[in-house]
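Biologist: Could you give me a close look at one pocket, and then at the parts that make up its wall?

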Amino acid sequence: MVFHQRVDEDLGCASYLIGDEQTGEAVVVDPAYAIEPYLEEAERAGLRIVRVLETHTHADHLSGHGRLALEHGVPVSIHPLAEPEYPFDPVEDGQIVPLGSLEIQVIHTPGHRPEHCCYLVDSHLLTGDSLLIGDAARPDLAVEAEEGAEDLFHSLERLVGLPDDTEVDPGHTGGSLCGAGLSRDRASTIGAEKLTNHALAIADLQEFVAHSSAIAAPRPPTVDRVVALNRGPFVSAQPSLELLDAPRGQLLDVRPAAAYAAGHAPGAVNVPLEGGSVGTRAGFVLDHDEPVAIHASSAEDALEAAARLYAVGLLDVAGYLLELETPERIEPVGIDELESLVEQDAVEVIDVREKDERDEGFIPGSRHIPYRLVRAYHEELDNGRPVVTICSTGARAGVAASVLVAEGVDARPVLDGGIDDWQKRGHQLTSFRRCGSG
């Protein structure tokens, strides 16, 4: 058996190419929209892709099943509860999908979504968005969280009944928004997960439902768009990216944060390509109904940025620009200067981390607005009082400041450092403890 895992580091999504060397047949499980790596790997291994197996209708990334179907005539299989609007071959619980001399067993595991299925082949369990490494998937993206959590509990019970040496190959790794507390390991075993997985340690149904339905991770704003694209008619490849003479629509600057600070075009929002999570962050701060023009340092960077946008269903990319007037400047704030500004009460400090991060400790007197929400507060913040944005490392602070600056707010980010650096300078942080916590 040929078994190849591919992880999209930007989204934390994993997909798989599985093949039978004897017959040269292969399937792709949960393909990304960028299908070229599967085609290249199949060619290297002397394989022909004959089927796509979807564990479910994905909500966080655009599937490549449409491109494989349209460009290569590959049939797509998914559980009927997905109610797809494209031609598909249904798979049901207990069904065996033949792949040359191999057999792929379908295990219906609702919870993350009603149609969710796992696939078991030659002691490899492809768990999609059910059992993950270190925890389980979130149950709130398709149905009410409590309903999804109850289904997920029973699905996990089925999976842990498999032999302990069964390899767990998840659909997500650390960095995904589809689960909390995920390990960055790319594979595990049923036995290891029994010992270490937080979700599997909860034996009581009601306790599991309470734990699993208390979702801390934000719901990506692209969810409904991506689900509709993945459920609807097949999506083909996007046209070649055009080099523009002038911006069209909203301007996304993907250059490094320091380059943006040194000079950027009016109205540009900065989500640096080098920082990772480009698709997720762009999805949070861009208008999904307006075309996007990409300002990049090179054509290669522009193409990569466009691929990151396509991956989260933002397909209206007008083109890219390399040469652009950049008269606007912002001056990043260092920890030394921040100390002085706070002491003088000369700025409003905006903590742009997520709630669970802030609860661990924050600068007294700072205000909490996650980076993904700052645009909604721009009129309130545009009151003449300078704003400083801060997070853990500077990455989200830079994004947040760029959004506010694009809206006319006097905002500066802490780019080189964050809350931990503030504390290391001897400053006390205020922590927040919820009622009932230890």
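Modeller: Happily! Contact here means heavy atoms within 4.5 Å, while helices (H or I, at least four residues) and strands (E, at least two) are DSSP runs numbered from the N terminus. This is a predicted model, where local features need pLDDT of at least 70, side-chain atom pairs count only at pLDDT 80 or more, and totals for chains, interfaces and linings use all residues. Residues are numbered from 1 along each chain as its sequence is written, and side-chain values use heavy atoms, with hydrogens and water left out.

The part to look at is the second largest pocket, with about 410 Å³ of space (an open set of 1 Å grid points where a 1.4 Å probe fits, with protein on both sides within 12 Å along at least five of seven lines; lining residues have an atom within 4 Å of a point; the volume is that of probe spheres set on the points). Its lining has 26 residues, and the closest to the centre are Tyr33, Ala34, Arg67, Ala307 and Tyr310. By class, 16 lining residues are nonpolar, four polar and six charged. Strand 1, strand 2, helix 1 (36–45) and helix 9 (299–311) each give at least two residues to this lining, and helix 9 supplies the largest share, six residues.

Take the strands next. Strands 1 and 2 belong to an open sheet of six strands in the order 1-2-3-4-5-6, with mixed pairing (at least two DSSP bridges per pair). Strand 1 (2–8) and strand 6 (89–90) are at the edges with a single partner strand each, so one side of each has no neighbour in the sheet. Strand 1 runs antiparallel to strand 2 (residues 13–20), and seven bridges join the two. In this pair, His4 sits opposite Leu17 of strand 2.

Arg67, one of the residues closest to the pocket's centre, lies in helix 2 (residues 65–72), where His65, Gly66, Arg67, Leu68 and Ala69 are buried (under 20% relative accessible area, 1.4 Å probe, protein chains only). The buried residues of this helix pack against helix 1, strand 4 (48–53), strand 5 (76–78) and helix 6 (223–231). After helix 2 comes Gly73, with a positive phi near 65°.

Helix 9 also gives two or more residues to the largest nonpolar core, as do helix 8 (278–285), strand 15 (292–295), strand 16 (317–321) and helix 13 (395–406). Leu309 touches Leu252, Ala282, Leu286, Val292, Ile294, Leu314 and Val317, leaving aside residues up to four places away in sequence.

Notes
Nonpolar A, V, L, I, M, F, W, Y, C, P; charged D, E, K, R; others polar. Buried < 20%, exposed > 50% of the residue type's maximum accessible area, 1.4 Å probe, protein only.
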